[in-house]
Amino acid sequence: MRGRLSSKSSGVLAGDSSGKGSWSSIWLLKPYFKRYLLRLAGGFAALVLVDLLQLFVPRIIRYAVNSLQEGHATPRLLLSCGLYICLIAVSIAGFRFIWRHLILGFSRLVETHLRNRMFSHLLALDKDFFQKTNAGEVMALATNDLAAVQLATGMGIVALIDAVFMGLAAFGFMCYIDPRLTFIAVAPMPLLALLTRTLSSRLHGRFKKVQEQFSVLTEFVRSTISSIRLVKAYNQEEHQSRRFAQMGETYVRNNVRVAVIYGALSPVSSFIANSSMLLVLIFGGRLTIYGTITAGDFVAFISYLFLMTWPMMALGWVTDLFQRGVTSLSRIESLMMARPSLCADENAPSVRIGRGEISARKLSFRYPGQTEPVINGLDLEIPAGTLLGIVGRTGAGKTTLCNLMARLFPVEEGRLFFDGYDVNSVSIDSVRSSIAYVPQDAMLFSDTIAFNIAFGAPEASMEKIEKVARAAAIHDEISAMPEGYETRIGEKGVKLSGGQRQRIAIARALLLDRPIIIIDDGLSGVDMETEHAIIRSISSYLEGRTCIIVSHRIAPVADAHRIVVMENGRIADQGTHSELIERNTFYSSIYRHQTLVPALGGTERGVICGEP
Ligand SMILES: Nc1ncnc2c1ncn2[C@@H]1O[C@H](COP(=O)(O)OP(=O)(O)OP(=O)(O)O)[C@@H](O)[C@H]1O
Ligand SMILES: [Mg+2]
């Protein structure tokens, strides 16, 4: 199982295919058991002490009852027995607090460490992983699966120790009183363990459904609220309310099914425990009448029987807890063993890419599982300090090429050089830290505007942040907001327009001050006037840097030193603006549409995608 990744379309987090998990994944927890060994030892000692003290109480009761029966009991003796029991109760409370703090605290620490490890590992994974695994699966790992591991390493361990130690000790004390009566009394107990096991695994299944339905409900509310304008525009308020009510009904039904098991567990286990009591009353009572055991023994025996009920239930519960914990741990292991397709070679040297010269030779790339290459034997030379424009029809491979250059995708066929270094022979960070990349979708964090601009350089001064915002022609709009740069933007920046988001993304890249800047269709969301303003103001930033601008419009690339026309993952043509207008049909026709059609009163939008 270790390290195996499922190839199922459901994602890479399927864990053990049997759905039961494998104990081999326990290696993930080994470091924590080692690190917190003392804490655990203290917790176990406190737990065993609680068990021992509990086992001592029936001995005191036995002594008191025997004294009464034999006629030498005095009020003083009974009072001291009572005081001893009180003292024991206080000690039990103290030690119980200690074990809960130490053992349950340990399980919380395991949960926290595992969560942090998972998060760091997730950040190391690439697009390939996230394409196969949806966010819901990852969230389930971070919530349900971690909770199952936490329960197994906390209450699971407690239940195991109680079941074994307390169960065996109570059994021993009972045998000491009368072995035959003990075997009669515990006869129904295995049924109790079996019943708890069956009911708790059923409970687990039903509870999972409750949680799943809850996720469906919350996701429905989230998506409805974030698309509220669409809901209103299509008059779907009532329909959405009806769907929500239906989902709510399923949620209630699932909860009722859980309640049925909870409801059954307690009376059925009391019934079994009481059957044992009945047997003890019948057979133990007779033994007491005939004087085989004393009345004190009889009362103590009943107390031990009570003490045995919980360990027997724990025995059934513990197997289910561990099974669930191990299944979840296997799924977490699958995540931890997932490797990015673009693996950093630890021995690859870090180099400084200062000039920004890029060269691609016979570069090819195909997405996982696809036969046709998206980049197909592409050759491209970009001398340092060049402003290169890339145009091409939608789907031509422009974004893929940018991602290859930004080292977000692996270079497996052909070669790619930065300042003469083959990207595969230097560390990934060397290349990434030489590039300021503005991806096609301007992703923003739900934080302040200042935070978003300074994301790549958190220590940047406000002055610098404002300077790049001016260059990206967004400063005035930010200043007009009530809290200026401290304005928080909602999830994915929903309070901003597409063009505003793009300009913030450009400002973020400009702040990085890197030798290479790649802007993938970063001006598509702004009007022509703003586009010109941005081109004018960022041109001073671009001087001396290698700059690659992908665009569906001609204006941002018209002044480029060279413009490349991409077609089916290859370079179909390249030259200056005037050269391409002269000889390239695709280029000249989109130029005509973008300049002449608007001038004649046609819509500019129709040609934005480069579809002449
Ligand atoms: N993650 C992916 N998995 C599989 N195929 C993909 C993936 N991303 C893109 N493609 C495919 O690769 C081809 C090139 O896509 P790419 O995004 O590079 O085009 P593009 O030139 O940037 O297009 P646009 O102008 O619309 O941005 C397209 O056919 C697209 O369907
Ligand atoms: Mg693209």
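Student: Hi! How many Å separate the centres of domain 1 and domain 3?
Tutor: Taken over C-alpha atoms, those two centres are 50 Å apart. This is a predicted model, where local features need pLDDT of at least 70, side-chain atom pairs count only at pLDDT 80 or more, and totals for chains, interfaces and linings use all residues. Residues are numbered from 1 along each chain as its sequence is written, and side-chain values use heavy atoms, leaving out hydrogens and water.

Student: Which residues belong to each domain?
Tutor: Domain 1 is 23-337, domain 2 is 343-434 + 514-612, and domain 3 is 442-513. Such bounds come from an automatic or database domain assignment.

Student: New topic: how many disulfides are there?
Tutor: Zero, where a disulfide is a pair of cysteine sulfur atoms within 2.5 Å.

Student: Why does Cys81 have no bond?
Tutor: Because the closest cysteine sulfur, in Cys86, is 11 Å from the sulfur of Cys81, which is too far.

Student: And what about Cys402, buried or exposed?
Tutor: Cys402 is buried, at 0% relative accessibility (buried is under 20% relative accessible area, exposed over 50%, partly exposed in between, with a 1.4 Å probe and protein chains only). Its sulfur is 11 Å from the closest cysteine sulfur, in Cys547, so the two are too far apart for a bond.

Student: Is Cys81 buried or exposed, then?
Tutor: Cys81 is buried, with a relative accessible area of 6%.

Student: Cool. Where is Phe283 found?
Tutor: Phe283 is in helix 9, residues 237-289 (a helix is a DSSP run of H or I with at least four residues, numbered from the N terminus). Phe283 counts as partly exposed because its relative accessibility is 35%.

Technical notes:
Chains are lettered from A and ligands numbered from 1 in the order in which they are written. Helices (H or I, at least four residues) and strands (E, at least two) are DSSP runs, numbered from the N terminus.
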